[in-house]
Amino acid sequence: MKLIYTHENRLLVSNVKNILENAGIAVTLSNEFVGSASGDISPLSTWPEVWVLVESDFDKAVQIVNTALSSDNNGDWICTECNETNSNSFELCWRCQTEHCI
């Protein structure tokens with residue numbers, strides 16, 4: 001197992017977990033319920049973490065997380081099938097239903 005992502009915000013950590021699972025990468029959460037111990041141990045030690053279970057998936061997971069969290073990921077995309085411009089929030093082209101490939 002390798003640590004791929006940690007943050008104090010549980011929602012961001014859960015989002016990264018969901019993104020990786022949707023990409024077919026096996027992950028697990030750690031420190032999910034440790035926040036209440038932050039007075040006894042270092043606050044950084046209580047942040048939720050996403051761990052990649054299969055070490056050979058780590059590089060692919062890093063690339064997916066970096067792409068998902070990059071500020072360049074906020075723009076529109078052009079469908080490769082029909083050349084229609086789509087909002088980045090769409091996973092499928094609104095015109096021809098072709099899946100957006102990252």
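Helices and strands here are DSSP runs, numbered from the N terminus. I am working from a predicted model.

**Entry 1. Overall layout**

I started with the secondary structure. The protein has two helices and five strands. Along the sequence I read the order β-α-β-β-α-β-β. I then looked up burial for the whole chain. Of the 102 residues, 23% are buried. The exposed surface comes to about 6900 Å². Carbon and sulfur atoms supply 49% of that surface. I also checked how far along the chain the contacts reach. Among contacts with a separation of 6 or more, 44% join residues 24 or more positions apart.

**Entry 2. The loop between β4 and β5**

I went to Glu 84 next. Glu 84 sits in the loop between β4 (77–78) and β5 (85–86). Is Glu 84 buried or exposed? Its relative accessibility is 15%, so Glu 84 counts as buried; the cut-off is under 20%. I listed its contacts, leaving out residues up to four places away in sequence. Glu 84 touches Trp 77, Ile 78 and Cys 79. Glu 84 also touches Cys 93, Trp 94 and Arg 95.

Asn 83 is in this loop between β4 and β5 too. I found Asn 83 exposed, with a relative accessible area of 59%. I noted its backbone as well. Phi of Asn 83 is near 60°, a positive value in a residue other than glycine. Most residues other than glycine have a negative phi.

**Entry 3. The segment after β5**

I looked for Gln 97 and found it in the segment after β5. Gln 97 has a positive phi of about 70° and is not a glycine. Its relative accessibility is 49%, so Gln 97 counts as partly exposed. The exposed class needs over 50%.

His 100 is placed in the segment after β5. I have His 100 as partly exposed, at a relative accessible area of 26%. Which residues does His 100 contact, leaving aside neighbours within four places in sequence? They are Trp 77, Phe 90 and Glu 91. I noted one C-alpha distance here. His 100 and Thr 80 are 20 residues apart along the chain, and their C-alpha atoms are separated by 8.4 Å. I see Trp 77 in the contact list of Glu 84 and again in that of His 100.

**Entry 4. Helix against helix**

I turned to the two helices. Helix α1 covers residues 10–22, and helix α2 covers residues 58–69. How are α1 and α2 set against each other? They pack at an angle of about 125°, with their axes 10 Å apart. That angle makes α1 oblique to α2. I logged the crossing as right-handed.

I then listed the residues at the contact. From α1 come Val 16, Ile 19 and Leu 20. From α2 come Ala 61, Ile 64, Val 65, Ala 68 and Leu 69. I count eight nonpolar residues, no polar and no charged in this contact.

Asp 59 is also in helix α2. I found Asp 59 exposed, at 62% relative accessibility. Asp 59 and Ile 4 are 55 residues apart along the chain. Their C-alpha atoms are separated by 9.5 Å.

**Entry 5. Strand β3 and Trp 51**

I picked Trp 51 from strand β3, residues 49–52. Trp 51 is partly exposed, with a relative accessible area of 22%. Its contacts, apart from neighbours within four places in sequence, include Met 1, Lys 2, Leu 3 and Ile 4. Trp 51 also contacts Ala 26, Val 27, Thr 28 and Ser 30. I checked Val 27 by distance. The C-alpha atoms of Trp 51 and Val 27 are separated by 5.4 Å, with their positions 24 residues apart along the chain counted as separation.

**Entry 6. The loop between β1 and α1**

My last look was at Glu 8. Glu 8 is in the loop between β1 (2–6) and α1. I have Glu 8 as exposed, at 58% relative accessibility. Where in sequence do its contacts lie, beyond residues up to four places away? Glu 8 touches Trp 47 and Pro 48. Glu 8 and Pro 48 are 40 residues apart in sequence. In space they are 6.7 Å apart, C-alpha to C-alpha.

Methods:
Residues numbered from 1 in each chain as written. Predicted model: local features only at pLDDT ≥ 70, side-chain atom pairs only at ≥ 80, totals over all residues. Heavy atoms only, no water. Helix = DSSP H or I, 4+ residues; strand = E, 2+ residues; numbered from the N terminus. Buried < 20%, exposed > 50% of the residue type's maximum accessible area, 1.4 Å probe, protein only. Axes fitted to C-alpha atoms, helices over the stretch in contact; angles between N-to-C directions. Parallel < 35°, antiparallel > 145°, perpendicular 65-115°, else oblique. Left-handed = near helix turned anticlockwise from the far one by under 90°. Contact = heavy atoms within 4.5 Å. Nonpolar A, V, L, I, M, F, W, Y, C, P; charged D, E, K, R; others polar. Areas by Shrake-Rupley, 256 points an atom, 1.4 Å probe, with all protein chains shown as cover.
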